[in-house]
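Student: Could you take me through the pockets in this one? I'd like a close look at what lines them.

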Amino acid sequence: MERVALVREAVKRLLDSGQVEGVLALRTVGPGSAPHLFHPGDSLDDLTLWPKYPLPKILDMLLAADPSVRLGMVARGCEERGLIEMAKRNQVDMNRIRLVYLACTAEERDECCCSWPYPSQIDVGDKVEGTADALVAEHERLSLAERTEFWKRQFARCIKCYGCRTVCPQCFCETCVLEDNLWVEAGVLAPPFPSYHLIRAYHTIGKCVGCMECENACPADIPLTVLYTLLRRDAEEMFGYVPGRSLEDLPPLAVETLWQTGH
Amino acid sequence: MEYRNVLTTCIYCGVGCGLYLQVLDGQVVGTWPAKGHPLNDGRLCVKGWYAHSFIHHPERLTTPLIRDQKGGPLRQASWEEALDRVAQRLMAIRETHGPDAIAFMASAKCTNEENYLLQKLARSIIGTHNVDHCARL
Ligand code: SF4
Ligand code: SF4
C-alpha cells in the first residue's frame, strides 16, 4: 500500500480509538499542503505528507488553547524530537499527545540534508540512513578569518523578517531578545553583525533538532542550519547531549548537567 | 476544537505572496507562508508574517466614520451614507475648483481590476489625471 494510504489508516485508527479529539496532520491545498486538524468521521482522502510544516509549534498552540484536550499528530523524526525538547521546557505535555510515527523517504531526507530522518519508532515508512550536510564540511575547511567573512556576507543579506525565529518550534519565549532595542536596533537593516544571528544561534543550543524550518523560511537563503549543526555537535562533544534523543536527558544548560560534566 | 488553514494572498504590497491564515475556533490566530507557492515558496517578509494581526484588533475600523462638522466628533455610518457624502463632496469641489483640485490614490492592496476602475473614475467621471499610488506616499 502507498505510504500516504498507510498514514491515513493509522490516523483513522487513532481517531476511532477515542483517545484523541483530533489528529494534526497535513492536508492537500492546490499543489501544496497546509496543516489541518482532522476529527473522527472526517474524510482523510486529502490527508497528505509533503511539504511539511512546523506541526510541533501548532500542536503546542492547540494544547494551550484547551487545557483538557488530547490530540494526535503525524510526526516525522525531527518533529518527535522537537516535541521532546518542548516537553522538557514545559511547552507541551506528552501525556496529552499520541503520535503516528512516520519515517522520511530518501528524497525527503535529501531535501532537508537531514542526518536523522526517522523517529524513535516507526508506524509508517522505511528507515533510511541520515546524510551529512556538505555545506558543514565545506565550512569546516575555512579558516577563522574566512568564516567571519563568510557569515558577514551571509548575514548582510538578512531582511530581518524574523521568519527563522517565528517558524521555529523551539522558539517559544514570550518576549524575544531579538526585538529588544538594546541588542537589535528597530528599523535598521541589516541587523547588527553578529549579535542578531549569534544570539539566535546560541539560543538554539540544546534545543535545535535540525527540522530545517528556519532555513526553508529564509527569504535570503542564508544557510542558518550550518551554524546550528556545528553548535549541536559541540554540545554533544562537550556535554554528551543530543537534542530530542530522550525525554530523560537533562539539557546541557541545566545546572545538574553542568555539574556532572565538570563545566 | 477546529483548526484549519485558509489560503489567501498577502495584502501588504503588490508582490502578492501566498500565505495561509491559521483559523482556530473561528479566530484568525496566525500566518504560515505557503510552501510551493510560485511567488514566495514558503517565505514572507516581516509584514506578511503578521498579516493576520489586524483582523481581530480591537481598534480596527469596521464601519465608515463620518464627521458632521469640521472638528466635530466621528460617528459610525452606513456605507450608503458614507459613499453618498463622498460623492456629493467630490462633485461640489469639482464644481467650485475644477477637476484638478482632486487626486486619486490607488493601492497595492487592491486588485489590478480595482485599480483600473479607480483611474477610470478619476479620468472619465471626474476628469483629472491626478492618479498616484500608495507606494509613493
Ligand atoms: S532547524 Fe531551525 S527551525 Fe528547526 S529547531 Fe533548529 S533552529 Fe528551530
Ligand atoms: S529568516 Fe533569514 S532574512 Fe529572515 S530574519 Fe532570519 S536570517 Fe534574516
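Tutor: Sure. A quick word on terms before we start: helices and strands here are DSSP runs, with at least four residues for a helix and at least two for a strand, numbered from the N terminus. Keep in mind too that this is a predicted model.

Let's begin with the largest pocket, which holds about 710 Å³ of space. Its lining is made up of 30 residues, and the ones closest to the centre are A:Lys57, A:Arg165, A:Thr166, A:Cys171 and A:Phe172. Which elements put at least two residues each into that lining? From chain A you get helix H2 (55-65), helix H7 (163-167) and helix H8 (195-203), and chain B brings in strand E3 (27-33). Sort the lining by class and you find 15 nonpolar residues, nine polar and six charged.

Now for the second largest pocket, with a volume of about 470 Å³. Here 24 residues do the lining, and closest to the centre sit A:Ser115, A:Trp116, A:Gly210, A:Thr229 and A:Arg232. The largest share, six residues, is supplied by helix H10 of chain A, which covers residues 224-239. By class, this lining splits into 13 nonpolar, five polar and six charged residues.

One last bit of context on chain B, since its strand E3 (27-33) turned up in the lining of the largest pocket. The domain assignment for chain B lists domain 1 as 3-49 and domain 2 as 89-137. Between the C-alpha centres of those two domains of chain B there are 30 Å.

How values were computed: Residues are numbered from 1 along each chain as its sequence is written. Chains are lettered from A and ligands numbered from 1 in the order in which they are written. This is a predicted model: local features need pLDDT of at least 70, side-chain atom pairs count only at pLDDT 80 or more; totals for chains, interfaces and linings use all residues. Side-chain values use heavy atoms; hydrogens and water are left out. Domain bounds come from an automatic or database domain assignment. On a 1 Å grid over the protein atoms alone, a cavity is a set of points where a 1.4 Å probe fits but cannot get out, and a pocket is an open set with protein on both sides within 12 Å along at least five of seven lines; lining residues have an atom within 4 Å of a point. Grid points are joined across faces, edges and corners, and a volume is the space filled by probe spheres set on the points. Ala, Val, Leu, Ile, Met, Phe, Trp, Tyr, Cys and Pro count as nonpolar, Asp, Glu, Lys and Arg as charged, and the others, Gly among them, as polar.
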